[in-house]
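Please open the model in your viewer and keep the sequence panel at hand. The tour below proceeds by selection, from strands to charged side chains.

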Amino acid sequence: MSAALIDGKTYATALRQRLRKRVDQLRASHGIVPGLAVVLVGEDPASQVYVRSKSKASLEAGLNSFEHKLPADTTEDELLDLLDQLNADDAVDGILVQLPLPKAIDAGAVIDAIDPDKDVDGFHLINVGLLATGEPGLVPCTPMGCELLLRAGVPSLAGLHAVIIGRSNIVGKPLAQLLLRADCTVTMAHSKTRDLPALCQTADILVAAVGKPEMVRGAWIKPGAIVIDVGINRVVGKDGTMRLVGDVAFAEAVPIAAAITPVPGGVGPMTIACLLENTFTAACRRRDIDPDTI
């Protein structure tokens, strides 16, 4: 047996193409163009790349893009003042502050300062609570992408046992809530979990989101399981070149799993696509429009 590859790049491209049509329809029917504001503080090279890619993707999807690049010595008060302005700006439907922030700025205070209705990262405590209670809210983008990829390959998730390795607020915890909502039986695993390999062998769906290169070995995987690898790790190969690997030992997993996301090209492309979806959803809901009707 050889696992089917879950092609996140192709799925994300299709999602963005459908979104472009919905954005055009929203503009034609209501005169609304969703707007995404991305805030970058400092000169972190990786963050700069992410911001450029998000802005480019926004424009390609027909959204308005607003970039705010602030110097590394920006104070917390200055950043909070900018967020107050963006919260009040009706042209802005989504606000994303690129993390990590400089050490002098409290990331929690910044997230709390974003209007929950514009919190397209889904990190505000109000959106966290809405997700936990099954109410409509804005969902973190990477977990949303994981669920969409699972639903694309599995007719029904109901009753399947999902093991999620990693309990972060960004991926593990919100994904657990999404899979519970989909009627999965969910087990959260972490650094204190006893006999992790044996637990993973019980999983119909195995999600690795720990940031440790190739930690999950092939022997950990139940034959026929679906493997979602959220990890993106840069490692130096034997030839001295840098390459990207996931949290799962891909070559070992392929002969055992039924389906698996590759790294790169799996979950990663879905994150930006879901960010654009969240911006569209926010634009509709802020104006009492059901996004599912567009």
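Two strands are taken as paired if DSSP finds at least two bridges between them. Helices (H or I, at least four residues) and strands (E, at least two) are DSSP runs, numbered from the N terminus. The model is predicted, so local features need pLDDT of at least 70 and side-chain atom pairs count only at pLDDT 80 or more, while totals for chains, interfaces and linings use all residues. Residues are numbered from 1 along each chain as its sequence is written, and side-chain values use heavy atoms, with hydrogens and water left out.

**Stop 1: a hairpin**

Select residues 233-236 and 242-245, which are strands β9 and β10. The two run antiparallel and are joined by four bridges. Arg234 has Leu244 in β10 as its bridge partner. Five residues lie between the strands of this hairpin, and Gly240 takes a positive phi near 90°.

**Stop 2: strand β7 and its neighbours**

Next, select residues 205-208, strand β7. Which residues cover its two faces? Ile205 and Val207 lie on one side, Leu206 and Ala208 on the other, and all are buried. Here buried means under 20% relative accessible area, exposed over 50%, and partly exposed in between (1.4 Å probe, protein chains only).

Add strand β5 (residues 161-165), which runs parallel to β7 and is joined to it by four bridges. Ile164 stands opposite Val207. Then add strand β8 (residues 226-229), also parallel to β7 and joined by four bridges. The bridge partner of Ala208 in β8 is Asp229.

**Stop 3: a patch of negative charge**

Select Asp73, Asp77, Glu78, Asp81 and Asp84, which gather in a negative patch on the surface. Patch members have over 30% relative accessible area and no salt bridge, and like charges are joined within 9 Å. Lys and Arg count as positive and Asp and Glu as negative, whereas His and the chain ends are not counted. The charge is placed at CG of Asp or CD of Glu. Asp77 belongs to helix α3 (residues 76-88), and counts as exposed because its relative accessibility is 55%.

**Stop 4: salt bridges**

A salt bridge is a side-chain nitrogen of Lys or Arg within 4 Å of a carboxyl oxygen of Asp or Glu. By this rule the count is twelve.

Select Arg16 and Glu60, which form a salt bridge with their closest N and O atoms 3.0 Å apart. The pair links distant parts of the chain, 44 residues apart: Arg16 is in helix α1 (residues 8-30) and Glu60 in helix α2 (residues 45-60). Arg16 is partly exposed at 26% relative accessibility, and Glu60 is partly exposed at 43%.

Move to Arg22 and Glu277, whose side chains meet in a salt bridge (3.2 Å, N to O). Because Arg22 lies in α1 and Glu277 in helix α10 (residues 268-285), the pair ties together parts 255 residues apart in sequence. Are these side chains buried or exposed? Arg22 is buried, with a relative accessible area of 18%, and Glu277 is buried at 15%.

Finally, select Asp93 and Arg286, which meet in a salt bridge (2.5 Å, N to O). Asp93 lies in the loop between α3 and β4 (94-97) and Arg286 in the segment after α10, so the pair ties together parts 193 residues apart in sequence. Asp93 is buried, with a relative accessible area of 0%, whereas Arg286 is partly exposed at 26%. Extend the selection to Asp90 and Arg287: with Asp93 and Arg286 they are linked in a network of salt bridges.

Notes:
Patches are made of residues with over 30% relative accessible area and no salt bridge: like charges are joined within 9 Å, nonpolar side chains (Val, Leu, Ile, Met, Phe, Trp, Tyr) within 5 Å. Accessible areas come from the Shrake-Rupley method with a 1.4 Å probe; for residues, only the protein chains shown count as cover.
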